[in-house]
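Me: Could you walk me through this model with me asking and you replying? I would like to start at the ligand and then move outward.

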Amino acid sequence: MIVVDRIATMQALMRQYRREGKTIGFVPTMGYLHDGHAALIDRAREENDIVVLSIFVNPLQFGPNEDFARYPRDFERDRRIAGQHGVDVLFHPEVDEMYPAPLSVQAVVKARTDVLCGRSRPGHFDGVATVLIKLFNIVMPDRAYFGMKDAQQVAVVAGLIRDFNFPIELVPVPTVRETDGLAKSSRNVYLSPQERKEAPALYEALKAAAAAVDRGERNAEAIRRLVREHIEAHTHAEIDYVEVCSYPDLTPLSALAGTVLIAVAVRFAGARLIDNIMVELPAADRRGE
Ligand code: AMP
């Protein structure tokens with residue numbers, strides 16, 4: 001595995017691979033790797049000649065009161081895990097390398113930001129889009145792998161790739177969970193033992209919502225209430241949002257139809273957690289409206 005921290009080195013290396021006709025799979029992350037990241041890497045390993053993993057905690061996507069400074073970091077551990085999963089190139093730039101000067105041009109995400117994490121984290125997706133434009137131009141991948149745990153991110157990145165004509169196939173990868181259902185996340189290490197015990201209630205609530213939809217529930221307000229009540233009954237977390245929207249355009253729904261995303265974000269004292277579940281319904285199903 002080659003470890004690179006310079007953009008120019010990275011671009012020269014990637015140009016070489018392209019000249020050799022190799023396909024390139026790219027997994028962008030903020031590090032502190034877990035099995036969710038590993039699922040993305042493994043999928044990229046199956047589908048490409050070269051696998052590039054980036055580890056970069058991007059300051060642009062953190063709000064002023066968010067956890068940029070205390071975001072967990074352990075590069076030596078990450079390097080070992082990346083090697084074990086067959087990563088060919090590990091790109092690990094410093095902040096100064098990625099942002100040597102204030103940006104003269106910055107991306108602004110116009111669609112899908114007035115809901116979910118876009119609403120509670122203003123500017124977050126602008127920061128994500130900006131760093132991905134840079135990373136896509138540095139890595140020049142054929143495919144890029146993103147986790148469905150961040151479903152809104154997948155939808156926003158699909159828009160970015162389409163709007164800016166990046167010749168990149170976006171590959172969404174299902175959420176990897178702990179055995180008790182908690183979605184794996186780098187931030188889970190910041191949960192207190194009590195919070196860790198309560199945290200599986202998020203996915204339990206989402207599964208209960210999906211079961212209600214299976215039984216015929218089509219009213220979004222009823223679904224939101226069910227999720228809220230389950231989380232309130234089983235955790236001390238403060239609910240940031242519970243939303244029911246269409247996917248991938250992320251329009252809030254009053255009646256469920258088509259591909260529906262049920263998504264939740266909560267704040268524990270230790271960490272903010274998100275999770276979601278997707279349900280498929282006939283598009284023409286208008287019952288309940
Ligand atoms: P992060 O390092 O948290 O920015 O995540 C990097 C990538 O890994 C993103 O595409 C995430 O959606 C994905 N990811 C994070 N957690 C999981 C998980 N539990 N299952 C699948 N993918 C994940």
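Reply: Gladly; the questions below go from the ligand to the annotated sites and then to some backbone details. This is a predicted model, in which local features need pLDDT of at least 70 and side-chain atom pairs count only at pLDDT 80 or more, while totals for chains, interfaces and linings use all residues. Residues are numbered from 1 along each chain as its sequence is written, and side-chain values use heavy atoms, with hydrogens and water left out.

Me: How many residues surround the ligand?
Reply: A residue is near the ligand if one of its heavy atoms lies within 4 Å of it. The closest are M30, H37, D150, V176 and K184. The number of residues around the ligand is 17.

Me: Which element gives the largest share of the shell around the ligand?
Reply: Helices (H or I, at least four residues) and strands (E, at least two) are DSSP runs, numbered from the N terminus. At least two shell residues each come from β2 (24–29), α2 (35–47) and β5 (143–147). The largest share, 3 residues, is supplied by α2.

Me: How many residues of the shell around the ligand are charged?
Reply: Here Ala, Val, Leu, Ile, Met, Phe, Trp, Tyr, Cys and Pro count as nonpolar, Asp, Glu, Lys and Arg as charged, and the others, Gly among them, as polar. By that division the shell holds 7 nonpolar and 7 polar residues. The charged ones number 3.

Me: What share of the ligand's own exposed area does the protein bury?
Reply: Let's begin with the polar atoms. A backbone N or O atom of G147 is 2.9 Å from a ligand oxygen, and a side-chain N or O atom of D150 is 2.6 Å from an oxygen of the ligand. On the nitrogen side, a ligand nitrogen lies 2.8 Å from a backbone N or O atom of V176. Taken alone the ligand exposes 490 Å² (Shrake-Rupley method, 1.4 Å probe), and the share that the protein buries is 92%.

Me: Why can the "binding site" residues Q61 and Q153 be said to gather at one spot?
Reply: UniProt lists Q61 and Q153 for this feature in an unreviewed entry; its positions are given in the numbering used here, feature names are shortened, and annotations may be inferred rather than shown by experiment. The two span 93 residues in sequence, yet they gather at one spot, because no two of their C-alpha atoms are more than 11.7 Å apart.

Me: Is Q61 buried or exposed?
Reply: Q61 sits in the loop between β3 (50–55) and α3 (75–84). Beyond four places in sequence, Q61 has contacts (heavy atoms within 4.5 Å) with M30, E66, R121, H124, G127, V128 and V131. Buried means under 20% relative accessible area, exposed over 50%, and partly exposed in between (1.4 Å probe, protein chains only). At 10%, Q61 is therefore buried.

Me: Which side chain does N58 join in a polar contact of 2.6 Å?
Reply: A polar contact is a pair of N or O atoms within 3.5 Å; within protein, one must be able to donate a hydrogen and the other to accept it, and residues adjacent in sequence count only if both atoms are side-chain atoms. N58 is in the loop between β3 and α3 and is buried, with a relative accessible area of 1%. One polar contact, of 2.9 Å, links the side chains of N58 and Q61. The contact of 2.6 Å joins N58 to the side chain of Y99.

Me: What is the relative accessibility of Q153?
Reply: Q153 belongs to helix α7 (residues 151–163). Apart from neighbours within four places in sequence, Q153 is in contact with F125, V128 and F146. Q153 counts as buried, because its relative accessibility is 17%.

Me: Which backbone oxygen lies 3.0 Å from a polar atom of the N276 side chain?
Reply: N276 is in strand β9 (residues 272–280) and counts as buried at 8% relative accessibility. A polar atom of the N276 side chain is 2.9 Å from the backbone oxygen of M148. At 3.0 Å lies the backbone oxygen of K149.

Me: Is N165 buried or exposed?
Reply: N165 lies in the loop between α7 and β6 (169–173). Phi of N165 is near 55°, a positive value in a residue other than glycine. With a relative accessible area of 63%, N165 is exposed.
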